[in-house]
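Here's a quick briefing to read alongside the model. Have the viewer open and click along as you go.

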Amino acid sequence: MDIIKSFMLEDGLFKGAFISADKTVSDIWNKHDYPADLRPLFQEAVLVALALSAGIKYQGVFSLQIKGNGPVSLLYVDVTTDKKVRGYMAFDEKSDFKDKKTLTDLFGKGQLIFSVAGLGQEPYQGVVALNHPTLVDTVKDYFRLSEQIDTELILRQHKDQGRIILIQRMPDKTGVSKEEIADLWETVTVLLNSVQNKELFSNLTVDEILFRLFHANKLQVFEPKEPCFECRCYRGKMENFLKKMSIAERGNLYNDRGEIDVSCQFCGEKYTFTRKDFND
Ligand SMILES: [Zn+2]
């Protein structure tokens, strides 16, 4: 089962999240016809988006975008408050991705952008340059430089399966010295990095894995959430988009049958409009 399991360590000094989302990733992936060599990147982006969105409270949509001038120009994933996930990529169809593994190979010069948007939600955006081979290292860099929040995350992939565990230091609590917090942080990050793939990709439950890792660190686990793929496109949204165009702009979109076909980039759903829809 796909799961987002939030937890706390050391009386709330650190918060964390464990995510397993194999079905969600497959469901999104299967909506597209992308080269198999790009699947690990896509899976990594979905898991990172779920991990980061698990760590914040928001009403609306959390999005993660990687943009660049390389053979992959865009990777976009978004996650709603109730953990509906979707995503898509834009890339050069003529490129061969077999030997392109690092973020720089794939995106060239670029940026990672997180944002949160929604009703009654303070808009938030974070940006960091792509200076590391992996998305995970880029995310760590972002938190270190921009937010000054100690963040450790591990991401492991095994075939079409992926697991991510994130831990972050919470704002310092009173009554605990900085040295003590630093020692505890070192302990939990060493423990986190000790996790074995044979544990992560076994029949152990998430609770069992977390207990094995952190049973000596005042582990508290919360009710799990279940992510899933769901697109939020609907006909009216596409219609409004087309209505906002000028008659001339829209005129260029009609095909030989006098129809405009619009496909959703996230889920491939096709919407067909005729001249009657716009009184053109
Ligand atoms: Zn859609």
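Let's start at Arg-232, which sits in the loop between strand E11 (228-229) and helix H8 (235-243). Keep in mind that this is a predicted model. Arg-232 comes out as partly exposed, because 13 other C-beta atoms lie within 10 Å, a count between the 12 or fewer of an exposed residue and the 20 or more of a buried one. From Arg-232 to Val-46 is 17 Å, C-alpha to C-alpha, with their positions 186 residues apart in sequence.

**The chain as a whole**

- The protein chain holds 10 helices and 13 strands.
- Its C-alpha trace spans about 70 × 45 × 35 Å along the principal axes.
- Of the 280 residues in the chain, 30% count as buried.
- Take the contacts between residues at least 6 apart in sequence: 63% of them join residues at least 24 apart.

**Two domains**

- The chain splits into domain 1 (3-229) and domain 2 (235-278).
- Measuring over C-alpha atoms is the basis here: the centres of the two domains are separated by 36 Å.
- Each side puts a few residues into the contact, with 4 residues from domain 1 and 4 residues from domain 2.
- On the side of domain 1 that touches domain 2, the residues divide into 1 nonpolar, 1 polar and 2 charged.

**The largest nonpolar core**

- As a general rule, nonpolar side chains in soluble globular proteins tend to be buried together.
- Here, the largest nonpolar core has 58 residues, and those touching the most other members are Ile-19, Ala-45, Val-46, Val-48, Ala-49, Leu-50 and Ala-51.
- Helix H2 (residues 39-54) is the top contributor to this core, giving 11 residues.
- Which residues does Ile-19 touch, leaving out those up to four places away in sequence? They are Ile-4, Leu-47, Leu-50, Ala-51, Ala-54 and Ile-164.

**Helix H2 and its surroundings**

- The axes of H2 and helix H4 (residues 135-147) come within 10 Å and cross at roughly 30 degrees.
- That crossing makes H2 roughly parallel to H4, because angles under 35 degrees fall in that class.
- From H2, the contact is made by Glu-44, Ala-45 and Val-48, and from H4 by Leu-135, Val-136 and Val-139.
- By type, the residues of this H2 and H4 contact come to 5 nonpolar, no polar and 1 charged.
- Phe-42 also belongs to helix H2.
- Is Phe-42 buried or exposed? Phe-42 is buried, since 21 other C-beta atoms lie within 10 Å and the cut-off is 20 or more.
- Not counting residues up to four places away in sequence, Phe-42 touches Trp-29, Leu-75 and Met-89.
- Phe-42 and Tyr-88 are 46 residues apart along the chain, and their C-alpha atoms are separated by 8.5 Å.

**Phe-273 and Ser-246**

- Phe-273 is part of strand E13 (residues 270-274).
- With 21 C-beta neighbours inside 10 Å, Phe-273 counts as buried.
- Setting aside residues up to four places away in sequence, Phe-273 touches Glu-239, Leu-242, Glu-259 and Ile-260.
- The C-alpha atoms of Phe-273 and Leu-130 are separated by 40 Å, and the two residues are 143 residues apart along the chain.
- Ser-246 is in the loop between H8 and helix H9 (247-251).
- Ser-246 counts as exposed, because it has 7 C-beta neighbours inside 10 Å and exposed residues have 12 or fewer.
- A stretch of 33 Å separates the C-alpha atoms of Ser-246 and Tyr-34, which are 212 residues apart along the chain.

**Positive phi without glycine**

- Lys-218 is not a glycine, although its phi is positive at about 50 degrees.
- You'll find Lys-218 in the loop between helix H7 (206-214) and strand E10 (220-221).
- Lys-218 counts as partly exposed, with 14 C-beta neighbours inside 10 Å.
- Asn-279 has a positive phi of about 50 degrees too, and Asn-279 is not a glycine either.
- Look for Asn-279 in the segment after helix H10 (275-278).
- Why does Asn-279 count as exposed? Asn-279 has 6 C-beta neighbours inside 10 Å, and 12 or fewer is enough for that label.

How values were computed
Residues are numbered from 1 along each chain as its sequence is written. This is a predicted model: local features need pLDDT of at least 70, side-chain atom pairs count only at pLDDT 80 or more; totals for chains, interfaces and linings use all residues. A nonpolar core is a set of buried Ala, Val, Leu, Ile, Met, Phe, Trp, Tyr and Cys residues joined through C-beta atoms within 7 Å. Helices (H or I, at least four residues) and strands (E, at least two) are DSSP runs, numbered from the N terminus. Two residues are in contact if their C-beta atoms, placed from the backbone, lie within 7 Å. Domain bounds come from an automatic or database domain assignment. Ala, Val, Leu, Ile, Met, Phe, Trp, Tyr, Cys and Pro count as nonpolar, Asp, Glu, Lys and Arg as charged, and the others, Gly among them, as polar. Axes are lines fitted to C-alpha atoms, for helices over the stretch in contact, and angles run from 0 to 180 degrees between N-to-C directions. Angles under 35 degrees count as roughly parallel, over 145 as roughly antiparallel, 65 to 115 as roughly perpendicular and the rest as oblique.
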